[in-house]
Amino acid sequence: MLTVFSSPGHYVQGRDATAALGPELARLGLAGPALVVAAPSAERLLTEVWRATFGSAGIDHAVHRFGGECSRAETARIAAAATAAGARTIVGAGGGKALDAARAAADDLDLPLVSCPTTASNDAPCSALSVLYSDGGEFESYQLVRRNPALVLVDSSVIVQAPARLFAAGMGDALATWFEARTCVAGGVRNMRGGRSTAAAAALAELCHRTLLADGAAALAAVRAGVVTPAVERLIEANTLLSGLGFESSGLAAAHAVHNGLTVVPQTHPYLHGEKVAFGVLTQLVLEGAPAAEIEQVLGFCRRVGLPVTLGGLGLAGADRELVERIAARATAEGETIHHEPFAVDVRSVADALLAADALGRAHGPSSD
Ligand SMILES: [Zn+2]
């Protein structure tokens, strides 16, 4: 098996970074017209900045308002809008689903993608992977696209205007990176790009984990106050760049499969990707028989930053065995990344791990639900 590392071509982060978007496109030779796929919040905050920055670079642009779900229907709408605008570059601006939809449409049209996350809520911005859902919000499939974004541009002053809950959810997603990478590297399994992990990707995943533990709580406090600090910048980088490169180039394991399992239950739909992944981390550690001290560290971190550690924290208080087995059945579906674990997993063992993780979470302290 070959060793493969995959990353965006260029990464830019900082205060008011959006003002540099047009010149960055020009510098990288990304031609207009650009179609901006914008979540409503991005459109509200950035319409004037886009006008100025694209104008200064002499790049025409049009805006397509994202429909809210990364579904086949939405990616077709984006592709139609891009074709109508004669777009030669697609810019995604918003949360993970808006970026994923823009990425899938850009790949369908063989156009370069520029990724401008307005939240640090997940590890989607840097990747060459879109998560597709049904129009009803149920996980459907992963779409592996040919290329990572040509440019990822993260405006820290925009990130801190998003709800703090999104920032915390990004830490939940980033929390999974090292644990899933570790499992994949130890097992020598294929990463998301079909190769073995580089030492570089594993080191980035480990740095992601250390950054979360060192700066996570302080960064979240700053985001709650709506301010940018060095800790916030480090966490944005951890949630976006380190987590993105770590998961893509080292691999996913049980935590994300448990997330996918949780999405089959409609009560979990109001909860964010990273919130479900955080509980997936806890479940993975139980499933792997991880040391108690490690589980305790994860529980403590999740509690400090308000990530769910119980089924009740995901709208599933009092879930019975039958419901938990439905989640486990989806988590263990053929082709799921849970099969990267170095032992056989089945519905029974995963349902047991989910219930044991829930019991540990409930025993750990006051419920956050
Ligand atoms: Zn994720």
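Arg77 counts as partly exposed, at 44% relative accessibility. Its side chain meets that of Glu74 in a salt bridge, with 2.9 Å from N to O. Glu74, on the other hand, is buried, with a relative accessible area of 1%. Both residues lie in helix H3, which covers residues 72-85, and they sit three residues apart, about one turn of the helix. Salt bridges turn up elsewhere too: those that share partners join Asp107, Asp110, Arg146 and Arg147 into one network. Keep in mind as you look around that this is a predicted model.

What's behind a pairing like this? Side chains of opposite charge can pair when their charged atoms come close. A search of the whole structure finds 18 salt bridges, so let's visit a couple more. In helix H2 (residues 40-57), Arg51 and Glu48 are three residues apart and therefore separated by about one helical turn. Their side chains meet in a salt bridge at 2.8 Å, N to O. Glu48 counts as exposed here, at 53% relative accessibility.

Now go back to helix H1, residues 21-27, where Arg27 and Glu24 are also three residues apart, about one turn of the helix. Their side chains form a salt bridge of 3.1 Å, N to O. Is each partner buried or exposed? Arg27 is exposed, with a relative accessible area of 57%, while Glu24 counts as buried at 12%.

Just past that helix comes a loop worth a stop. Ala31 has its place in the loop between H1 and strand E2 (34-38), and Ala31 is partly exposed, with a relative accessible area of 26%. If you set aside neighbours within four places in sequence, Ala31 is in contact with Arg88 and Thr89. You can also look from Ala31 across to Pro112: these two are 81 residues apart along the chain, yet their C-alpha atoms are separated by 9.3 Å.

Pro33 is found in the loop between H1 and E2 as well. Look at the link between Gly32 and Pro33: the peptide bond there is cis, with omega about -5 degrees. For background, most residues other than glycine have a negative phi, and most peptide bonds are trans.

That background helps with two aspartates. Asp16, in the loop between strand E1 (11-14) and H1, has a phi near 55 degrees, a positive value in a residue other than glycine. Asp16 counts as exposed, at 53% relative accessibility. Asp110 has a positive phi of about 55 degrees too, although it is not a glycine. You'll find Asp110 in the loop between helix H4 (96-109) and strand E5 (113-117), where Asp110 is partly exposed with a relative accessible area of 43%.

Time to zoom out. The domain assignment of the chain gives domain 1 (11-159) and domain 2 (164-364). Their C-alpha centres lie 25 Å apart. Where the two domains meet, 29 residues of domain 1 are in contact with 28 residues of domain 2.

How do you put a number on a meeting like that? The size of an interface is often given as the accessible area lost when the parts come together. Between domain 1 and domain 2, the buried area is about 2400 Å², and carbon and sulfur atoms give 57% of it. Ala120, Asp123 and Phe139 supply 25% of the area that domain 1 buries against domain 2, more than any other three residues. And how many salt bridges does the rule find across the interface of domain 1 and domain 2? Zero.

Let's finish at the metal. Which residues coordinate the zinc ion? Asp173 does so through two OD atoms, joined by NE2 of His256 and NE2 of His273, at 2.1 to 2.7 Å. Along the chain, the donors follow the spacing D-x82-H-x16-H. Asp173 lies in helix H6 (residues 164-187) and His256 in helix H9 (residues 254-262), so this pair ties together parts that are 83 residues apart in sequence. Asp173 is buried, with a relative accessible area of 0%, and His256 counts as buried too, at 5%.

Then there's the geometry. The angles among the four donor atoms run from 51 to 142 degrees, and the site is irregular. Why not tetrahedral? Because four donors count as tetrahedral if all angles lie between 85 and 135 degrees, and the angles here run from 51 to 142 degrees.

Methods
Residues numbered from 1 in each chain as written. Predicted model: local features only at pLDDT ≥ 70, side-chain atom pairs only at ≥ 80, totals over all residues. Heavy atoms only, no water. Donors = N, O, S within 2.8 Å, 3.2 Å for Na, K, Ca; no water. Tetrahedral: all angles 85-135°; square planar, octahedral: opposite > 155°, others 65-115°. Helix = DSSP H or I, 4+ residues; strand = E, 2+ residues; numbered from the N terminus. Buried < 20%, exposed > 50% of the residue type's maximum accessible area, 1.4 Å probe, protein only. Salt bridge = Lys/Arg side-chain N within 4 Å of Asp/Glu carboxyl O. Domains from an automatic or database assignment. Contact = heavy atoms within 4.5 Å. Buried area = accessible area lost by both parts, 1.4 Å probe.
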